[in-house]
Amino acid sequence: MKIIMLGAPGAGKGTQAKLLADHYGLPHISTGDIFRYNLKMGTELGKKAKTYMDAGALVPDELTVDLVLDRLAKEDCQSGYILDGFPRTMNQARKLSEALGKDGEIDFAVNIEVPDDAIIERMAGRRVCPSCGASYHIVNIPPKKEGICDRCGAALIQRDDDREETVKKRLTVYHDQTQPLIDYYKGLGREIDIDGTRTMEQVFAQITEKLGD
Ligand code: AP5
Ligand code: MG
């Protein structure tokens, strides 16, 4: 099963993608995580990507499309994947469709809907694990021990691009460049709408009900 996660920054794509990856036994591929990993490793790609990410802008398609298509060609993706944060522009969506071919199109575009004001509140409270990538919220989804990752015990941090001004810029970019993908996948009959304002468990239940076991 090939799934892409759509939704504004902070809608819960990463949170749900991790749960779905465990549930269906599929790899979770997040372009944001790939860029952040490269930055941590000090690669050229990481350094280039950071300048765009910190400004709340999209990393150019030249640095993004081939990276993802190469990843999807790997052995572990042959029975499917959960793609989180890609595609994010119409050009990326068309390139993905071309690469997959007419009979290999993605099965579901899961569109998690959350209004902008709720997004801003979520981002302010988000804390992430720099070691294993787990994501928490200081009020909604707190770790068992404050500031410490439940999964691996590392100290949690706030993402550089979660400052309020950057979040507002990311939301504008989302509405301009990524929202049109909802209609694109509707046209292909693959899009499903999910109410992302419910609890993490309720959102997960809505998605799996539509995707099936
Ligand atoms: P990326 O890392 O993909 O960021 P994003 O899309 O902005 O989304 P987030 O990761 O911020 O949010 P999310 O939807 O995953 O929400 P989460 O589950 O964490 O991209 C970062 C940057 O990389 C981009 O800005 C861009 O520069 C670049 N980039 C990446 N892909 C690219 C591409 N294809 N092309 C070009 N550039 C690209 O949840 C958010 C918070 O809410 C957490 O605190 C969580 O605990 C909490 N939460 C989750 N679910 C719930 C719930 N149901 N109720 C209450 N709280 C909840
Ligand atoms: Mg994410």
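# Briefing: helix 8, the shell of ligand 1 and selected residues

Helix 8 is followed by G189, a residue with a positive phi near 75°. The structure is a predicted model. This briefing treats helix 8, then ligand 1, and then a set of individual residues. Ligand 1 is surrounded by 35 residues, of which T15, A57, R88, R126 and R170 come nearest.

**Helix 8**

- Helix 8 spans residues 180-187, and its buried residues are L181, I182 and Y185.
- These buried residues lie on the same side of helix 8, because the arc they cover around the axis is only 110°.
- D183 and G187 are exposed, and they sit on the other side of helix 8.
- Two strands that bracket much of the numbering, strand 1 (2-7) and strand 7 (191-195), are among the elements against which the buried residues of helix 8 pack.
- The packing partners of those buried residues also include helix 5 (90-100), strand 4 (108-113) and helix 7 (164-178).
- L181, one of the buried residues of helix 8, has its C-alpha 9.9 Å from that of N91, although the two are 90 residues apart in sequence.
- N91 itself belongs to helix 5, and this residue counts as partly exposed because its relative accessibility is 31%.

**Ligand 1: polar contacts and burial**

- R88 places a polar side-chain atom 2.5 Å from an oxygen atom of ligand 1.
- A57 approaches through its backbone, with an N or O atom 2.6 Å from an oxygen atom of ligand 1.
- R36 contributes an N or O atom of its side chain, at 2.9 Å from an oxygen atom of ligand 1.
- The protein buries 96% of the 1000 Å² that ligand 1 exposes when taken alone.

**Ligand 1: composition of the shell**

- Two or more residues of the shell around ligand 1 come from each of helix 1 (13-24), helix 2 (31-41), helix 6 (116-125) and strand 6 (135-137).
- Helix 2 supplies four residues, the largest share of the shell around ligand 1.
- Sorted by class, the shell around ligand 1 holds 13 nonpolar, 13 polar and nine charged residues.

**Residues in contact with the nearest arginines**

- D162 lies in the loop between strand 6 and helix 7.
- D162 counts as buried because its relative accessibility is 3%, which is under the 20% limit for that class.
- Not counting residues up to four places away in sequence, D162 touches M123, R126, V167 and R170.
- Of these contacts of D162, R126 and R170 are also among the residues that come nearest to ligand 1.
- T178 is part of helix 7, and this residue is buried because its relative accessibility is 7%.
- T178 is in contact with R88 and V173, leaving aside neighbours within four places in sequence.
- R88, a contact of T178, is likewise one of the residues that come nearest to ligand 1.

**Loop residues**

- P87 is located in the loop between strand 3 (81-84) and helix 5.
- The peptide bond joining F86 and P87 is cis, with an omega of about -5°.
- T43 occupies the loop between helix 2 and helix 3 (44-54).
- T43 counts as partly exposed because its relative accessibility is 27%.
- The side chains of T43 and N38 are joined by a polar contact of 2.8 Å.
- P27 lies in the loop between helix 1 and strand 2 (28-30).
- P27 is buried because its relative accessible area is 15%, a value under the 20% limit.
- Leaving aside neighbours within four places in sequence, P27 is in contact with R71, D76, C77, G80, Y81 and I82.
- P27 and L83 are 56 residues apart along the chain, and their C-alpha atoms are separated by 8.5 Å.

Technical notes:
Residues are numbered from 1 along each chain as its sequence is written. Chains are lettered from A and ligands numbered from 1 in the order in which they are written. This is a predicted model: local features need pLDDT of at least 70, side-chain atom pairs count only at pLDDT 80 or more; totals for chains, interfaces and linings use all residues. Side-chain values use heavy atoms; hydrogens and water are left out. Buried means under 20% relative accessible area, exposed over 50%, partly exposed in between (1.4 Å probe, protein chains only). The arc is that of the directions from the helix axis to the C-beta atoms. Contact means heavy atoms within 4.5 Å. A residue is near a molecule or strand if one of its heavy atoms lies within 4 Å of it. A polar contact is a pair of N or O atoms within 3.5 Å; within protein, one must be able to donate a hydrogen and the other to accept it, and residues adjacent in sequence count only if both atoms are side-chain atoms. Accessible areas come from the Shrake-Rupley method with a 1.4 Å probe; for residues, only the protein chains shown count as cover. Ala, Val, Leu, Ile, Met, Phe, Trp, Tyr, Cys and Pro count as nonpolar, Asp, Glu, Lys and Arg as charged, and the others, Gly among them, as polar.
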